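User: Please take a close look at one part of this model, its surface patches. Which residues make them, and where do they sit?

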Amino acid sequence: MNKNGTNTLANLDMRRKESRKPSHFDINTIMEEIDDLAQKRDSSPTPPSQPLPKTAREFIQRKKSLLIHIQDWYEDLYCPYDEDETILGVRYCISGILTATAVFILMSTFFG
């Protein structure tokens, strides 16, 4: 058993020494490979940029399209409650604020 443990320690030491050996690749080869992989990964075409609108009509059209994008983003947000539950929650919040204000006014009237 002791001999078996000694062999595993020797194998572990040998692996450590091998992992510390310098690589046979130079830094330029590695950097070129990284650049190639980056180009392959980012091969999607870039969207063409739109020029700034020159007339008022173009500006209004662009503004509408921006509003449509913002609307789409807003619709993509997930709200876990339906409309009735949301309205009920807003009502409870307003009722709580009004109740707290009324209590504060009564307390300041009697003790202030």
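Analyst: Here is the setting, followed by the patches.

This is a predicted model, where local features need pLDDT of at least 70, side-chain atom pairs count only at pLDDT 80 or more, and totals for chains, interfaces and linings use all residues. Residues are numbered from 1 along each chain as its sequence is written, and side-chain values use heavy atoms, without hydrogens and water.

The protein chain has four helices and zero strands; helices (H or I, at least four residues) and strands (E, at least two) are DSSP runs, numbered from the N terminus. Its mean pLDDT is 77; pLDDT is the predictor's confidence in each residue, from 0 to 100. Helix H4 (residues 83–111) has the highest mean pLDDT among the elements, 93.

Patches are made of residues with over 30% relative accessible area and no salt bridge; like charges are joined within 9 Å, nonpolar side chains (Val, Leu, Ile, Met, Phe, Trp, Tyr) within 5 Å. A salt bridge is a Lys or Arg side-chain nitrogen within 4 Å of an Asp or Glu carboxyl oxygen. Areas come from the Shrake-Rupley method with a 1.4 Å probe, and for residues only the protein chains shown count as cover.

The nonpolar patch covers about 600 Å². Val103, Leu106, Met107, Phe110 and Phe111 make it. Phe110 lies in helix H4. Phe110 is exposed, at 65% relative accessible area; exposed means over 50%, buried under 20%, partly exposed in between.

The negative patch joins Asp26, Glu32, Glu33, Asp35 and Asp36. Asp and Glu count as negative, Lys and Arg as positive; His and the chain ends are not counted. Each charge is placed at CG of Asp, CD of Glu, NZ of Lys or CZ of Arg. Glu32 belongs to helix H2 (residues 27–41). Glu32 is exposed too, at 52%.

Notes. Buried < 20%, exposed > 50% of the residue type's maximum accessible area, 1.4 Å probe, protein only.
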